[in-house]
Amino acid sequence: MKLHVFNQISEQSSAIAKAIAQQLSATLANQDSAVIAVSGGKSPVPVFEQLREMELPWDRVIVTLVDERWVPESDSGSNAALVRTHLLQGQAASATFIPMFGSEASASDAESRLNATFTHLGLPFSVVVLGMGDDGHTASLFPASPALDAGLANDAPICLAQVGAVAPTDRMSLTLPAINQAGKVFLQFAGSAKKAVFDKACEAPSKTWPVSFVLCDTAADVEVFYAE
Ligand SMILES: O=C1O[C@H](COP(=O)(O)O)[C@@H](O)[C@H](O)[C@H]1O
């Protein structure tokens with residue numbers, strides 16, 4: 001795991017956007033297409049706004065999500081809406097987007113469709129971009145989730161519903177093995193509260209801080225971008 005430290009969020013965002021573009025470019029030099037899975041929340045917005053202007057063959061890039069709240073895109077909590085608004089613009093408008101939310105009544109009902117779609121795309125994804133909550137969650141792998149063990153299991157499917165993990169909605173999440181086998185895993189966060197969680201999570205894998213299972217996996221290619 002490599003840690004990059006920045007004084008400003010603008011410097012952090014610009015460094016991650018460049019690192020993502022480099023990884024996509026390297027993948028596309030050897031493959032017809034590259035898959036990037038991105039997170040929601042507030043942190044990725046400045047990264048998306050820089051990344052979308054990078055010179056890449058975006059028509060060969062497939063964008064999907066690391067996780068999603070089980071809400072339609074008209075809901076302010078939709079990660080798909082965030083990606084459409086802030087990433088799939090400018091140069092990146094020609095990328096293909098695979099959202100997680102669909103017509104199913106629940107996240108659990110969508111598992112088979114999404115796992116079939118992701119299996120068809122094929123692992124490993126080229127890039128996975130993670131955030132981290134103050135509670136140590138990453139993707140939608142929350143400490144209190146009843147399906148946390150299933151999401152961390154070595155034989156987990158590519159994605160799993162996380163039901164009852166946090167109010168007010170169920171979630172869909174990539175699982176740990178799908179995340180950790182990516183060509184590159186980028187984790188971004190800012191501020192001293194999250195840094196304290198990160199420091200704890202680096203000590204040993206613990207379900208108290210699910211992000212620890214990414215940070216402590218020595219086989220995963222993880223780069224952390226932290227803004228003070
Ligand atoms: O709920 C979520 O939060 C995390 C962290 O978001 P941030 O804005 O504090 O970075 C995010 O990584 C995840 O995708 C999202 O669903």
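Two strands count as paired if DSSP finds at least two bridges between them. With that in hand, here's a quick tour of this predicted model. Strands E7 and E8, the latter at residues 171-174, clear that bar with four bridges, and they run antiparallel to each other.

**The sheet**
- E7 and E8 belong to an open sheet of three strands, lined up in the order E4-E8-E7 with antiparallel pairing.
- Sitting at the edges are E4 (67-69) and E7 (159-162), each with a pairing on one side only.
- From one strand to the next, the twist averages 15°.
- To spot the E7/E8 pairing, look for leucine 160, which stands opposite serine 173 in E8.

**The helix on the sheet**
- Which helix packs on this sheet? That's H4, residues 107-121, and the strands it touches are E7 and E8.
- The direction of H4 makes about 165° with that of E7.

**The annotated domain**
- UniProt, in an unreviewed entry, marks residues 12-215 as "domain: Glucosamine/galactosamine-6-phosphate isomerase".
- Helix makes up 37% of that span and strand 17%.
- The C-alpha atoms at its two ends are 19 Å apart.

**Around the ligand**
- One run of residues around the ligand goes Ser39, Gly40, Gly41, Lys42 and Ser43.
- Val66, Asp67 and Asn79 are also around the ligand, along with Gly131, Gly133 and Ser140.
- Sorted by class, this shell has eight polar residues, two charged and one nonpolar.

Key
Residues are numbered from 1 along each chain as its sequence is written. This is a predicted model: local features need pLDDT of at least 70, side-chain atom pairs count only at pLDDT 80 or more; totals for chains, interfaces and linings use all residues. Axes are lines fitted to C-alpha atoms, for helices over the stretch in contact, and angles run from 0 to 180 degrees between N-to-C directions. Two residues are in contact if their C-beta atoms, placed from the backbone, lie within 7 Å. UniProt positions are given in the numbering used here, feature names are shortened, and annotations may be inferred rather than shown by experiment. A residue is near a molecule or strand if its C-beta atom, placed from the backbone, lies within 6 Å of it. Ala, Val, Leu, Ile, Met, Phe, Trp, Tyr, Cys and Pro count as nonpolar, Asp, Glu, Lys and Arg as charged, and the others, Gly among them, as polar.
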